[in-house]
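This report is meant to be read with the sequence and the coordinates open side by side. Please look through both before going on to the text.

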Amino acid sequence: MGNKILIIDDDTFICEILKKQLTSDGYDIETAFSGQSGMEIIKSTKFDLVLCDFRLPDTDGMELLQKIKAVSPSTIVIIITAYADVRQAVKLMKMGAEDYITKPLQQEEIRSLIEKKLKGNSPKKRKVQSHIYTDGDFLMGKSEKMRSVINLSRRVAPTNMSVLIQGETGTGKEYVARFIHQHSKRGDKPFVALDCGAIPKDLANSELFGHIKGSFTGAVRDKEGVFQQANGGTLFLDEIGNLSYDIQVRLLRVLQERTVSRVGENKTTRVDVRIITATNDDLLDEVNQNTFREDLYHRVNEFKISLPSMRERTDDILFFANSFLKSSNDELGLTIEGFSPDVEAILQQYAWHGNLRELKNVVKRATLMASENQITKDCLPQELVYPSHQPGNNGDVEIGESKLKDASSEFEKQLIIRTIEEAGFNKSKAARLLKIDRKTLYNKIKQYGIEI
């Protein structure tokens with residue numbers, strides 16, 4: 001049989017249709033109708049790919065993805081989602097999902113996506129790309145700000161300097177990290193990426209440094225950490241500000257001594273790794289708030305590159321939109337030729353809180369929805385056509401302290417959600433707009449159960 005695929009969806013009809021289609025394509029298919037039954041199968045069987053519904057009766061995509069990756073890190077996970085949950089699906093990709101596909105499912109689209117992911121993710125390639133999502137070559141754009149980024153990247157690439165990349169979610173921080181790696185003397189060596197914000201706290205030591213069998217409950221086999229996987233090459237640590245203080249201490253020691261020891265192991269091993277880190281928050285602000293170690297900050301910030309948001313490079317929006325249209329045509333097997341003038345105007349005026357990632361998702365969906373030879377306004381999500389607020393056009397919104405304190409609980413919750421969105425999901429910036437400290441903001445997020 002061919003590659004093994006598990007379909008997890010509580011809609012038995014969808015499961016059976018997909019099973020029939022994919023079996024005819026030569027895949028070995030199993031199905032599960034709940035998260036729990038899916039995990040029981042995964043624990044006993046090795047799968048190349050899991051196709052998983054975002055909303056299940058007993059769990060959600062976030063929790064299930066973490067469980068799948070903990071048991072089988074190399075398994076490709078594709079999320080099935082409704083368009084209303086696309087923002088959550090994008091977050092799941094940062095946590096290790098390979099891609100998502102929206103309902104209603106299109107037979108050729110899902111076949112094409114599975115074939116593409118399995119073809120581009122051989123076991124050898126997955127080993128050195130844990131928790132990494134890529135979708136093509138890095139696109140520079142034509143804006144002066146982005147040309148400056150590329151020039152800086154080319155200048156620092158041949159060195160061994162640690163690079164800190166700062167920018168909003170979806171601005172292409174991992175693309176820049178990969179660009180630096182490819183233009184370095186390590187370009188033919190491994191490039192390993194790890195999203196520090198997606199690691200469960202109790203697994204952070206193991207993910208970074210590895211463990212030996214029996215060192216803790218669940219350690220059923222020896223495991224290499226990302227430092228060992230990246231030996232000789234480049235290690236990209238995304239959202240480094242999310243690491244706990246004790247992990248920061250151990251990471252600093254590894255960077256200073258260039259040796260690493262696995263959890264439960266007494267001996268140390270030398271590693272030769274170039275470090276590139278990224279954050280969508282201001283790390284210096286976190287240093288001042290004593291949530292990030294100053295000595296580690298200076299260690300990872302030998303050379304800093306700041307990525308502009310899409311709101312700062314509106315000249316590039318149509319350039320990227322046309323590029324994403326081409327890739328969407330290739331992936332979906334369509335021949336949509338372009339955008340109507342009113343759609344071009346909408347794309348250029350929208351604030352793009354999710355930056356390149358959000359733009360790519362919108363164009364891909366619009367390409368699928370197009371019934372003519374070009375994308376028209378009715379192909380776009382309503383929030384683009386009728387935006388309630390465009391902070392990128394009018395500057396940041398000032399939200400005073402009294403306004404937050406006097407708000408009712410529900411209003412306060414909605415105010416926090418809106419402010420976080422207006423800040424481009426940069427929680428440090430949102431805290432400043434709300435005139436509260438970051439710790440208070442995190443407590444409020446937890447209090448109201450806000451999913452960010």
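The sections below go from the whole chain to its two parallel sheets, its helix packing and its nonpolar cores.

## The model and its confidence

This is a predicted model, and the chain has a mean pLDDT of 81, with 87% of the residues reaching 70 or more. Two stretches deserve caution. Over residues 121-137 the pLDDT stays under 50, and the model gives this stretch 44 contacts beyond four places in sequence. Residues 389-407 likewise have pLDDT below 50, and here the model has 33 contacts beyond near neighbours in sequence.

The chain has 452 residues, of which 55% count as buried, and its secondary structure comes to 22 helices and 16 strands. Among the contacts with a separation of 6 or more, 72% are between residues that lie 24 or more positions apart.

## The sheet of strands S1 to S5

Five strands make up an open sheet with parallel pairing, in the order S2-S1-S3-S4-S5. Its edges are strand S2 (28-32) and strand S5 (99-102), each of which pairs on one side only, and the twist from one strand to the next averages 20°. Strand S4 (residues 76-81) runs parallel to S5 and is joined to S5 by four bridges; in this pair, Thr81 stands opposite Thr102 of S5.

Two helices pack on this sheet. Helix H1 (residues 12-24) touches strand S1 (4-8), S2 and strand S3 (49-53), and the direction of H1 makes about 170° with that of S2. Helix H5 (residues 107-119) touches S1, S3, S4 and S5, with a direction at about 175° to that of S5.

## The sheet around strand S10

Another open sheet, also of five strands with parallel pairing, has the order S7-S10-S13-S6-S14. S7 and strand S14 (303-306) stand at its edges with a single partner strand each, so one side of each has no neighbour in the sheet. Neighbouring strands here are turned against each other by 20° on average, direction ignored.

Within this sheet, S10 pairs with S7 in the parallel sense over five bridges, and Leu194 has Leu237 of S10 as its bridge partner. Five bridges also join S10 to strand S13 (residues 274-279), again in parallel, with Asp238 placed opposite its bridge partner Ala278 in S13. How many of the residues of S10 are buried? Five of its five residues are, so described because each has under 20% relative accessible area. Thr234, Phe236 and Asp238 point one way from the strand, whereas Leu235 and Leu237 point the other way, and all of them are buried. This arrangement can be read against a general rule: in a regular strand, side chains alternate between the two faces of the sheet.

## Packing of helices H7 and H8

Helix H7 lies across strand S6 (163-166), S13 and S14, running at about 160° to S14. H7 (residues 144-156) also packs with helix H8 (residues 173-182), at an angle of about 40° and with the two axes 8 Å apart; the crossing is right-handed. The residues that meet are Met146, Val149, Ile150, Ser153, Arg154 and Val156 from H7, and Val176, Phe179 and Ile180 from H8.

## Nonpolar cores

In soluble globular proteins, nonpolar side chains tend to be buried together. The largest nonpolar core of this model has 30 residues, and Leu208, Phe227, Leu235 and Leu251 have the most contacts inside it. The elements that give two or more residues to this core are strand S7 (191-195), helix H9 (204-209), helix H10 (226-229), strand S10 (234-238), helix H11 (245-257), helix H12 (283-288) and helix H13 (294-300). Of these, H11 gives the most, with five residues.

Which residues does Leu208 touch, leaving aside its neighbours within four places in sequence? Leu208 is in contact with Leu194, Gly225, Val226, Phe227, Gln228, Leu237, Leu243 and Ile247. Two of these contacts, Leu194 and Leu237, are the residues named above as bridge partners. A second core, separate from the largest, has 25 residues, including Val343, Trp352, Leu356 and Ile375.

Technical notes:
Residues numbered from 1 in each chain as written. Predicted model: local features only at pLDDT ≥ 70, side-chain atom pairs only at ≥ 80, totals over all residues. Heavy atoms only, no water. Pairing = 2+ DSSP bridges. Axes fitted to C-alpha atoms, helices over the stretch in contact; angles between N-to-C directions. Contact = heavy atoms within 4.5 Å. pLDDT = per-residue confidence, 0-100. Core = buried A, V, L, I, M, F, W, Y, C linked by side-chain atoms within 4.5 Å. Buried < 20%, exposed > 50% of the residue type's maximum accessible area, 1.4 Å probe, protein only. Left-handed = near helix turned anticlockwise from the far one by under 90°.
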